Amino acid sequence: MTERPWHQLAGIRPENTKYPVRASIEGEGIVIFKTKSGYRGVQRSCPHMNATMMNAELTANDTMVRCHLHVFTFKLSDGKGVNCPGFKIKVYEVKEENGAFYGRLAN
Amino acid sequence: MNSAADSFVLKGAHVLDAEQGIDKVADVHVAGGKILQVGPREVAADTKIIDVAGNHLSAGWVDIHVHAYGTLGFANPDTVGIYQGVTTFVDAGGPGIGVLDQFMELLGHLETTLFAGAFIRPMGLLGLNFIEGDVRTLGEVPITRWVDFARQNRDMLRYIKCNAIGDYGPGTLKLTKGLAEILNLPLYMHIGEFQLQNPEHLLAPEAFRIAEAGDMITHLYHGNLGQVLDENGKVLPVVRDAERRGVIFDLGFGGYNFSWGVAEKAFAQDLIPHTISSDLQQFNVVRPVKSLANVMSAMLRVGMTLPQVIERVTRNPAKAISLTDRAGSLKPGMPADITVFRVNSGDYEIMDCYAQSRRADRQIEPLITFKNGKRFDVDMTMGQDENNWFLQFAEDHVPSRAARLSDRQRGFLDSLASSLSSVTWEVGSAERLDIEKALALQDVFHQQRGRNGLPLKDALQAVYASFLDQSFTMQIGLLLVRLEQPFVVGRLRDVARKHPIAA
């Protein structure tokens with residue numbers, strides 16, 4: 001199996017100090033969180049009622065992300081809904097290298 | 001004069017009791033868990049006096065729309081009841097006829113008096129967004145079972161609920177109305193949010209047409225499709241007609257169903273809910289609902305007077321669910337269910353469900369609750385505690401409470417695991433849940449329980465303790481069908497055979 005390629009993220013600069021922050025990968029909007037174990041990207045809106053994930057918060061020792069609107073909570077590892085079975089978000093690996101951000105789908 | 005041992009006087013509060021026309025500072029005398037009198041009365045020298053001067057006091061608050069049970073419920077429902085000033089509440093649709101036995105076994109021990117507003121579908125509310133199979137289960141209304149249950153548990157049932165949503169016409173509403181008539185109970189209909197359902201055909205107007213005197217419609221001030229207002233903001237004639245017929249309008253704030261814009265326009269036209277309810281559940285207790293008190297503060301901001309607000313959480317809901325013999329007033333002889341509260345002045349922000357807020361200069365804050373004379377100090381933080389509302393399965397560890405299961409419970413889990421190992425099921429998607437399979441899994445659970453001769457509560461607790469760290473309650477078939485079959489079987493076996501238990 002070949003390793004999935006990394007794509008340079010648009011719309012985000014290393015001097016960003018405030019997270020979460022919007023970015024895009026291959027033309028698709030994502031939101032990047034800075035967690036205790038590094039950067040992680042998620043899709044731009046919650047699959048429940050389309051609320052922006054910019055208002056979401058990290059929880060469970062930064063292993064989950066929780067939408068602000070109805071506390072729907074998703075695992076950052078695989079995007080699976082924790083308290084909302086059947087719901088899932090896309091999550092992205094994100095890394096910073098030589099002053100640029102790169103990402104790829106994690107699930 | 002009564003003996004002082006079980007007597008006390010609540011002294012100096014401003015008492016509001018619509019039933020007796022009381023709106024003044026007065027002492028409330030309690031003895032033996034009942035109200036003796038509101039007003040001056042001779043007391044024994046050693047009678048306990050509780051000084052509540054400067055505060056308000058009313059009969060204990062009644063919330064006819066909460067979610068205590070199932071996928072919307074709480075680990076400890078008392079946190080949104082007695083600890084928030086509410087002495088009586090009704091689970092709005094959590095259980096249906098297929099799980100009312102589970103509901104009663106699990107939630108009969110609360111400090112807050114809990115009743116069932118049973119749902120038309122056997123499994124009860126499924127919560128979340130599953131496109132609920134109202135139509136698919138239209139044939140599943142076992143009249144004889146309902147009637148038999150109601151004969152034996154008349155007191156538990158307070159209304160029959162259905163949702164006025166979906167694209168398959170008003171059949172569900174009419175069928176639920178028919179069942180409610182058979183059982184001589186009010187019909188309670190949800191208008192409001194659709195979740196993932198496609199609202200091509202609005203059933204809300206149909207709900208107002210079908211409802212008769214004493215039937216209830218909840219989410220009066222919702223801001224979704226199917227509002228009580230027309231496109232020009234005028235109250236719809238069909239709503240006025242229902243009001244004239246004696247249909248009861250309930251607020252049902254909820255996570256999706258209260259709009260400042262709708263509330264203000266409707267209130268200005270004198271369309272006012274008869275009852276104020278919260279619709280508290282695990283997805284809205286953090287925000288925007290928070291508590292019944294917060295919802296009451298919102299109603300003050302809409303324009304109700306304090307006595308109007310209090311009447312709508314005491315006398316009116318007690319009448320709506322035929323409970324005036326036990327709740328809703330401070331008449332002599334009534335149970336001493338009492339809420340002491342304060343009306344704070346300041347600058348407060350109150351959110352609706354559509355990210356709109358209003359500044360308010362008053363806020364209702366409950367302080368002390370009495371249930372049959374027993375005192376509970378209000379603690380608004382308990383309901384907000386994540387352990388109380390964040391329902392997650394213990395996927396990577398066995399809950400520590402599984403270690404406390406009895407040998408009989410473990411034996412039951414072992415045989416349940418064996419039975420389930422020959423059953424297959426698919427975990428549902430956000431849109432679809434296999435309700436029939438959930439009911440089939442519930443049947444397997446009951447069969448094994450019967451064979452093991454285990455009481456229902458012990459069997460339920462054994463399964464919950466295998467998968468949940470906190471004491472959430474859930475329809476057993478729904479719990480199982482939400483998890484992958486190999487995981488369920490493996491976990492039940494691990495617990496049954498006392499495999500190493502992680503923290």
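User: Which residue holds the cysteine sulfur closest to that of A:Cys46?
Analyst: This is a predicted model, in which local features need pLDDT of at least 70 and side-chain atom pairs pLDDT 80 or more, while totals for chains, interfaces and linings use all residues. A:Cys46 is buried (under 20% relative accessible area, 1.4 Å probe, protein chains only), at a relative accessible area of 2%. Its sulfur lies 4.0 Å from the closest cysteine sulfur, too far for a bond, and that sulfur belongs to A:Cys67.

User: How far is the sulfur of A:Cys84 from the closest cysteine sulfur?
Analyst: A:Cys84 is buried, with a relative accessible area of 0%. The closest cysteine sulfur is in A:Cys46, too far for a bond because the distance is 7.0 Å.

User: How many disulfides does the count give over all chains?
Analyst: A disulfide is counted when two cysteine sulfur atoms are within 2.5 Å. Over all chains, the number that results is zero.

User: Which three residues of chain B lose the most area to chain A?
Analyst: Contact (heavy atoms within 4.5 Å) links 20 residues of chain B with 19 residues of chain A. Together the chains bury about 1,700 Å² (accessible area lost on being put together, 1.4 Å probe, summed over both), with 58% of it on carbon and sulfur atoms. On the chain B side, 32% of the buried area comes from B:Phe283, B:Arg287 and B:Phe390.

User: Which residue of chain B forms a salt bridge with A:Lys75?
Analyst: Two salt bridges (a Lys or Arg side-chain nitrogen within 4 Å of an Asp or Glu carboxyl oxygen) are counted between chain B and chain A. In the one at A:Lys75, the closest N and O atoms are 3.0 Å apart, and the partner is B:Glu395.

User: What ipTM does the model score?
Analyst: Mean pLDDT (the predictor's confidence in each residue, from 0 to 100) is 93 for chain B, and 95% of that chain's residues reach 70 or more. The model has a pTM of 0.95 and an ipTM of 0.92.

Terms used
Residues are numbered from 1 along each chain as its sequence is written. Chains are lettered from A and ligands numbered from 1 in the order in which they are written. Side-chain values use heavy atoms; hydrogens and water are left out. Buried area is the accessible area (1.4 Å probe) that two parts lose on being put together, summed over both. Buried means under 20% relative accessible area, exposed over 50%, partly exposed in between (1.4 Å probe, protein chains only).
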